[in-house]
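User: I am new to this structure and would like to know how its descriptions are reached. Please set the values against the definitions as we go.

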Amino acid sequence: MGMEGPQTGQQEHRAEQRRRIIAAAAVCFSRDGFHGTSMQQICAEAGMSPGALYRYFPSKESLIGAIVEGERADRARILDALDGAPTFVDGLRDCLDVMLSPEPLLPCKALGPEVMAEAIRNETLRDALEPVEEETRARLVATLEAARARGEIDPAIDLETLNMLFNMIGDGLILHNLLHPEWQLAGRADALADLIRRMIAPQVGEVET
């Protein structure tokens, strides 16, 4: 019993230090890009010495990997809400609010384009990113299968292809929301959801041949 207090305190301290460093790195990467940010800048943003920071993260790649890993819980929360919505498109409409919100509801939402661009050429980062991406893809396919079973999706649509399309749409929305704020995509969420509803809806009155 006597050792539990100090050990717990040390664990909490380490967890808090990690959160502090990750938050500082996210600020720096969002502001200056992955290549434009040095570990010294992250140290300054976090308010700690290089030696202290390197005890937690030995490289920028490890920091980006931690940011990506930390998003897993947020993605799971969004997918849980998607599964619990009255219809798939209703849930998708709520997801659009999160993706397009000016508030940083997803920790690395603004870092998404930077992380993906770096992962194309950085195998270490890609290895860290891919398990999270695969988990998201698997969850979304299961959600699409349930929606199709409820009659919300045209049975002729290949769900793996639809899953890829939704991932590309999501990434594109985040990118263009950052690149073109004048488009005011958040105000177009209802129209976007309606277009998706019409795209995936079962065909009515189609003549079989």
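**Helix packing, burial and cores**

Analyst: H5 passes H9 in a right-handed crossing, the near helix being turned clockwise from the far one by less than a right angle (anticlockwise would be left-handed). This is a predicted model, in which local features need pLDDT of at least 70 and side-chain atom pairs count only at pLDDT 80 or more, while totals for chains, interfaces and linings use all residues. Residues are numbered from 1 along each chain as its sequence is written, and side-chain values use heavy atoms, without hydrogens and water.

User: What describes the packing of H5 and H9?

Analyst: Two packed helices are described by the angle between their axes and the distance between the axes. For H5 (residues 88-100) and H9 (residues 189-200), the angle is about 145° and the axes are 9 Å apart. Axes are lines fitted to C-alpha atoms over the stretch in contact, and angles run from 0 to 180 degrees between N-to-C directions. Helices are DSSP runs (H or I, at least four residues), numbered from the N terminus.

User: Which residues of H5 and H9 meet?

Analyst: Contact means heavy atoms within 4.5 Å. Among those that meet are Phe88, Leu92 and Leu96 in H5, and Ala189, Leu192 and Ile196 in H9.

User: Why is asparagine 167 called buried or exposed?

Analyst: Buried means under 20% relative accessible area, exposed over 50%, and partly exposed in between (1.4 Å probe, protein chains only). Asparagine 167 has 19% relative accessibility, so it counts as buried. Its place is in helix H8 (residues 159-179). Leaving aside neighbours within four places in sequence, asparagine 167 is in contact with Glu133, Arg137 and Leu140.

User: Why are the buried residues of H2 said to line one face of the helix?

Analyst: In H2 (residues 39-46), the buried residues are Met39, Ile42, Cys43 and Ala46. Seen down the axis, they fall within an arc of 105°, so they line one face. The arc is that of the directions from the helix axis to the C-beta atoms. Exposed Gln40 and Ala44 are on the face turned away from the buried side.

User: What makes a nonpolar core, and which helix gives the most to the largest?

Analyst: A nonpolar core is a set of buried Ala, Val, Leu, Ile, Met, Phe, Trp, Tyr and Cys residues joined through side-chain atoms within 4.5 Å. The largest has 27 residues, and Phe29 and Ile42 are among those with the most contacts inside it. H1 gives the most to this core, with six residues.

Note on methods. Helices (H or I, at least four residues) and strands (E, at least two) are DSSP runs, numbered from the N terminus.
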